[in-house]
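Hi,

Here is the model I said I would pass on. Have a look at it first, and then read my notes underneath.

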Amino acid sequence: QVQLVESGGGLVQAGGSLRLSCAASRSIFSINSMGWYRQAPGKQRELVAAITSRGSTAYVDFVKGRFTISRDNAKNTVYLQMNSLKPEDTAVYYCAADSLTVVAGIPSYWGQGTQVTVSS
């Protein structure tokens, strides 16, 4: 079991930046896959980015070049640096973790979410 707690969301103007953090309740060294999903009002939850224990990353097309996912195993934390934010990035962002992958299927562990609002 692992608990995930997100932080760093807020209100930002278009073109601005935010960094989300996801703190785990235990060591993430053995958690193979962690990532970020988001859910906008009236839409399904969607994958944004993922990172493996070895540091391999994956991004969906609409954030490539703007968002960067990273993990600090020593701090049991995963980050999502979001630059050049757009109003369509407005959503609740969720941290996810799984011993196999967060890219396919439904991850085993979820945080409670943090709201990101981008104003135009």
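Below is what I found, going from the overall fold to the core and then to one strand and its neighbours.

One caveat before anything else: this is a predicted model.

**Overall fold**

It's an all-strand affair, with 0 helices and 11 strands. The radius of gyration is 13 Å, close to the 14 Å that the globule rule gives for 120 residues, so the protein is as compact as a globular protein of that length. Along the principal axes, the C-alpha trace spans about 40 × 25 × 25 Å. Buried residues come to 44% of the 120. If you take the contacts with a separation of 6 or more, 57% of them are between residues 24 or more positions apart. The accessible surface is about 6100 Å², and carbon and sulfur atoms account for 50% of that.

**The core**

In soluble globular proteins, nonpolar side chains tend to be buried together. Here the largest nonpolar core has 29 residues, and the members touching the most others are M34, W36, L80, M82 and Y93. Seven strands appear in the list of those giving at least two residues each to this core: strand 3 (18-24), strand 4 (33-39), strand 5 (46-52), strand 7 (67-72), strand 8 (77-82), strand 9 (91-98) and strand 11 (114-119).

L80 is a good place to start clicking. Leaving out residues up to four places away in sequence, L80 touches L18, R19, L20, W36, V48, A49, F67, T68, I69 and Y93. Apart from the largest core there is another one, of 5 residues, including Y37, L47, A50 and A96.

**Strand 5 and its neighbours**

How much of strand 5 is buried? Mostly covered is the answer, with 5 of its 7 residues buried.

On one side, strand 5 runs antiparallel to strand 4, and 6 bridges join the two. Within that pairing, G35 sits opposite A50 of strand 5. The two strands make a hairpin with 6 residues between them, and G42 in the turn has a positive phi of about 75°.

Strand 5 also pairs antiparallel with strand 6 (residues 57-59), this time through 3 bridges. There, A49 has Y59 in strand 6 as its bridge partner. This hairpin has 4 residues between the strands, and G55 takes a positive phi near 95°.

Two residues of strand 5 are worth following from one section to the other: A49 is among the residues L80 touches, while A50 belongs to the 5-residue core.

Shout if you want to go through any of it together.

Cheers

Technical notes:
Residues numbered from 1 in each chain as written. Predicted model: local features only at pLDDT ≥ 70, side-chain atom pairs only at ≥ 80, totals over all residues. Heavy atoms only, no water. Core = buried A, V, L, I, M, F, W, Y, C linked by side-chain atoms within 4.5 Å. Buried < 20%, exposed > 50% of the residue type's maximum accessible area, 1.4 Å probe, protein only. Contact = heavy atoms within 4.5 Å. Pairing = 2+ DSSP bridges. Rg over C-alpha atoms; globule rule 2.2 N^0.38 Å. Areas by Shrake-Rupley, 256 points an atom, 1.4 Å probe, with all protein chains shown as cover.
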